[in-house]
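Got the model open in your viewer? Let's walk through it together, one selection at a time.

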Amino acid sequence: DLIGFKMIHKFRLPNHEELKSRLLEYMDTSDHGSIIEGPDRISKSDNYVPDTPDNKPYFNWFAHEVMEEICNYYAIQAMRTSHVWYQQYYRGDQHAWHVHPQTSISSVYFVELPDPKFSTEFFDVETRKTLQYDILEGDIITFAGHIPHRSPPLISDERKTIIGANFIFDRVNTKLFD
């Protein structure tokens with residue numbers, strides 16, 4: 001029985017305060033555009049920019065901490081990043097219900113979060129209800145990419161900024177098993 005098997009994990013990025021201004025300065029000076037597709041409206045994103053270190057240098061500023069936490073929590077010995085992106089939301093923006101195909105774990109780093117009610121929402125397939133975790137700016141949430149989730153409509157005059165990443169697990173860390 002896997003009821004209650006925890007596939008969603010939250011942790012805090014320890015150097016968030018120092019990192020935040022550097023990340024926002026990078027995003028403020030980038031010329032990435034908006035995403036308007038169906039119900040999705042995201043004011044600024046580099047989601048469709050190819051994933052290369054030159055195109056997305058910001059992820060390397062904190063990738064080690066994130067990947068180490070994910071490996072420790074999920075008992076993984078080896079994993080790789082498959083996609084990284086940032087999104088900035090302004091009043092009225094949203095990212096409708098979706099999943100992340102061909103990924104083991106997805107993560108969302110809340111660089112700016114005006115209120116926890118604007119954090120990622122999840123659809124519980126057993127109860128058919130929407131769940132939301134108590135998230136603060138500086139937190140990172142990780143979850144199985146097949147869990148339906150969304151960024152609810154932003155009804156605030158303050159901006160919301162996230163950095164998302166998808167990871168593929170390659171090997172488990174059997175040293176942690178009994």
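## Start with the whole chain

Turn on a surface view to begin: the accessible surface of the chain comes to about 9,600 Å², and 51% of that belongs to carbon and sulfur atoms. Keep in mind as you look around that this is a predicted model.

Now switch to a cartoon view. You should find 2 helices and 12 strands. Follow the chain along its sequence and the pattern reads β-α-β-β-β-α-β-β-β-β-β-β-β-β. The radius of gyration is 16 Å, close to the 16 Å that the globule rule gives for 178 residues, so the chain is as compact as a globular protein of that length. Its C-alpha atoms fill a box of roughly 50 × 40 × 30 Å along the principal axes.

Two more numbers for the overall picture. Of the 178 residues, 48% count as buried. And among contacts in the chain with a separation of 6 or more, 81% are between residues 24 or more positions apart.

## Stop 1: the sheet of 6 strands

Select β1, β10, β7, β12, β5 and β4, and you have an open sheet of 6 strands in exactly that order, with antiparallel pairing. Which strands stand at the edges? They are β1 (8-12) and β4 (44-45); each has a single partner strand, so one side of each is left without a neighbour in the sheet.

Zoom in on the β4 edge. Here β4 pairs with β5 (residues 76-89) in the antiparallel sense, over 2 bridges. To see one bridge partnership, pick Lys44, whose partner in β5 is Gln88. A bit of background while you're here: strands of a sheet pair through backbone hydrogen bonds, either parallel or antiparallel.

Next, bring in the helices. Helix α1 (residues 16-29) packs on the sheet, where it touches β1, β4, β5, β7 (105-112) and β12 (160-172). The direction of α1 makes about 90° with that of β7. Helix α2 (residues 63-74) lies across β1, β5, β7, β10 (139-144) and β12, and it runs at about 140° to β1.

## Stop 2: His83

Stay with β5 and select His83, which sits in that strand. Show side chains and look for Asn47: a polar contact of 2.8 Å joins the two side chains. What else does His83 touch, leaving out residues up to four places away in sequence? Besides Asn47, the list has Asp51, Lys56, Gly164, Ala165 and Asn166.

## Stop 3: Ser43

Now go to Ser43, in the loop between β3 (40-42) and β4. Is Ser43 buried or exposed? Something in between: Ser43 is partly exposed, with a relative accessible area of 25%.

Add Tyr90 to your selection. Ser43 and Tyr90 are 47 residues apart along the chain, yet their C-alpha atoms are separated by 6.4 Å. Leaving out residues up to four places away in sequence, Ser43 touches Gly33, Ser34, Gln88, Tyr90 and Asp93. You've met Gln88 already, as the bridge partner of Lys44. With Asp93, the side chain of Ser43 makes a polar contact of 2.6 Å.

## Stop 4: the sheet of 4 strands

Clear everything and select β6, β11, β8 and β9. In that order they make an open sheet of 4 strands, with antiparallel pairing. The edge strands are β6 (95-98) and β9, and each pairs on one side only. On average, neighbouring strands of this sheet are turned by 20° against each other, direction ignored.

Look at β6 and β11 (residues 149-151): they run antiparallel and are joined by 2 bridges. Here His98 stands opposite His149 in β11.

Then move over to β8 (residues 121-124) and β9 (residues 129-132), which run antiparallel with 4 bridges between them. Glu121 stands opposite Gln132 in β9. The two strands form a hairpin, with 4 residues between them.

## Last stop: two unusual backbone angles

Most residues other than glycine have a negative phi. Which way does Arg128, in the turn of that hairpin, go? Arg128 has a positive phi of about 60° although it is not a glycine. Colour the residue by accessibility, too: Arg128 is exposed, with a relative accessible area of 57%.

Finish at Gln102, in the loop between β6 and β7. Gln102 has a positive phi as well, of about 55°, and it is not a glycine. Gln102 is also exposed, with a relative accessible area of 77%.

Methods:
Residues numbered from 1 in each chain as written. Predicted model: local features only at pLDDT ≥ 70, side-chain atom pairs only at ≥ 80, totals over all residues. Heavy atoms only, no water. Pairing = 2+ DSSP bridges. Contact = heavy atoms within 4.5 Å. Axes fitted to C-alpha atoms, helices over the stretch in contact; angles between N-to-C directions. Polar contact = N/O pair within 3.5 Å; in protein donor to acceptor, adjacent residues only side chain to side chain. Rg over C-alpha atoms; globule rule 2.2 N^0.38 Å. Buried < 20%, exposed > 50% of the residue type's maximum accessible area, 1.4 Å probe, protein only. Areas by Shrake-Rupley, 256 points an atom, 1.4 Å probe, with all protein chains shown as cover.
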